[in-house]
Amino acid sequence: MGVTHHGRTHRLDLADPTLREWTCRVLAADPEQGIVLDRSAFYPGGGGQPPDHGVLLWQGVQTRIVGTRKGDDLWLIPAEGDPVPPVGSEVVGAVEDARRTMLMRTHSGLHVLCGVVFRDFGALVTGGNMEPGEARMDFNLPEVPPDFKARIEELVNAEVAADRSVAVRVLPRAEALALPDIIRTQSNLIPPEEQEVRIVDIVGLDVQADGGTHVASTAQIGKVQVVKVESKGRANRRVRVRLAD
């Protein structure tokens, strides 16, 4: 699919994660299958980050977008009962700002958590998931000190307060995989057919392959609360976090 396109859709969300409204044209539309646009800033979901919600505005009509379906094309799923715009029509797309912004903060917060745990404890990620403002990340971490929960919260918030820049770049696959410690999961999740790899760099802390949307600097994440640390098997620890509003 490449980094900038998914099927016939040009991915605006990865080029500019602050974009919330844009004009586009409908390439396919079906109440059951969904809607395909030539350009879209809707993040389709992936890597634990849920898809965006929002609306399409056309000819005085509103179509609510409540999810996505990924295949050869990127299909936007309309709310049940909402009309779909006709093929060929020009529409205005708009992403729900509050949800997307909180997901960007949450995703960047998880990268800070990942960077801290890898740097200070040498642990790789075994799983994770997020919703707006709250998330979990699992680590291969057989042993933790008694004050692990408090230490992690303090270390993560110190990195947030450091206002580290979050930089994004795209590299050829071989060049990206040559970067040290670029894969922070126990298995390489980059599809073998992908010849370009998107890199998210929290400068000075964490560099890894990632396809999601992020804030521009760690200060925009806000305060991170470590809610709970759980054992998930002999070697796995689950860290649950929540962001301040």
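Contact here means heavy atoms within 4.5 Å. The model is predicted.

**Exercise 1. The helix pair**

Task: Find which residues of H2 and H3 meet, and describe how the two helices cross.

Solution.
- Step 1. Locate the helices. H2 covers residues 97–121. H3 covers residues 148–161.
- Step 2. Choose the descriptors. Two packed helices are described by the angle between their axes and the distance between the axes.
- Step 3. Read them off. The axes of H2 and H3 come within 9 Å and cross at roughly 120°. The crossing is right-handed.
- Step 4. List the contacts. H2 supplies Val112, Leu113, Val116, Val117, Arg119, Asp120 and Phe121. H3 supplies Phe148, Arg151, Ile152, Leu155, Val156 and Glu159.
- Step 5. Sort them by class. Nine are nonpolar, four are charged, and none is polar.

**Exercise 2. Glutamate 159**

Task: Decide whether glutamate 159 is buried or exposed, and name its contacts beyond four places in sequence.

Solution.
- Step 1. Place the residue. Glutamate 159 lies in helix H3.
- Step 2. Apply the cut-off. Buried means under 20% relative accessible area. Glutamate 159 has 9% relative accessibility, so it counts as buried.
- Step 3. Skip its neighbours within four places in sequence. Glutamate 159 then touches Val112, Val116, Arg119, Arg164, Leu205 and Thr218.
- Step 4. Look for a polar partner. The side chains of glutamate 159 and arginine 164 make a polar contact at 2.5 Å.

**Exercise 3. The three-stranded sheet**

Task: Give the strand order of the open sheet that contains S13, and find what packs on the sheet.

Solution.
- Step 1. Order the strands. The order is S12-S13-S14, with antiparallel pairing.
- Step 2. Mark the edges. These are S12 (166–172) and S14 (206–209).
- Step 3. Add the twist. From one strand to the next, the twist averages 20°.
- Step 4. Find the packing helix. H2 touches S13 and S14, and its direction makes about 115° with that of S14.
- Step 5. Check one pairing. S13 (residues 196–202) and S14 share four bridges. Isoleucine 199 stands opposite alanine 209 in S14.

**Exercise 4. The four-stranded sheet**

Task: State which helices pack on the sheet S10-S11-S16-S15, and at what angles.

Solution.
- Step 1. Fix the topology. The sheet is open and its pairing is antiparallel. S10 (125–131) and S15 (224–231) are the edge strands.
- Step 2. Take H2. This helix touches S10, S11 and S16, and makes about 25° with the direction of S11.
- Step 3. Take H3. This helix touches S15 and S16, and makes about 145° with the direction of S15.
- Step 4. Check one pairing. Seven bridges join S15 to S16. Valine 229 has valine 239 as its bridge partner in S16.

Note on methods
Residues are numbered from 1 along each chain as its sequence is written. This is a predicted model: local features need pLDDT of at least 70, side-chain atom pairs count only at pLDDT 80 or more; totals for chains, interfaces and linings use all residues. Side-chain values use heavy atoms; hydrogens and water are left out. Two strands pair if DSSP finds at least two bridges between them. Axes are lines fitted to C-alpha atoms, for helices over the stretch in contact, and angles run from 0 to 180 degrees between N-to-C directions. A crossing is left-handed if the near helix is turned anticlockwise from the far one by less than a right angle, and right-handed if clockwise. Ala, Val, Leu, Ile, Met, Phe, Trp, Tyr, Cys and Pro count as nonpolar, Asp, Glu, Lys and Arg as charged, and the others, Gly among them, as polar. Buried means under 20% relative accessible area, exposed over 50%, partly exposed in between (1.4 Å probe, protein chains only). A polar contact is a pair of N or O atoms within 3.5 Å; within protein, one must be able to donate a hydrogen and the other to accept it, and residues adjacent in sequence count only if both atoms are side-chain atoms.
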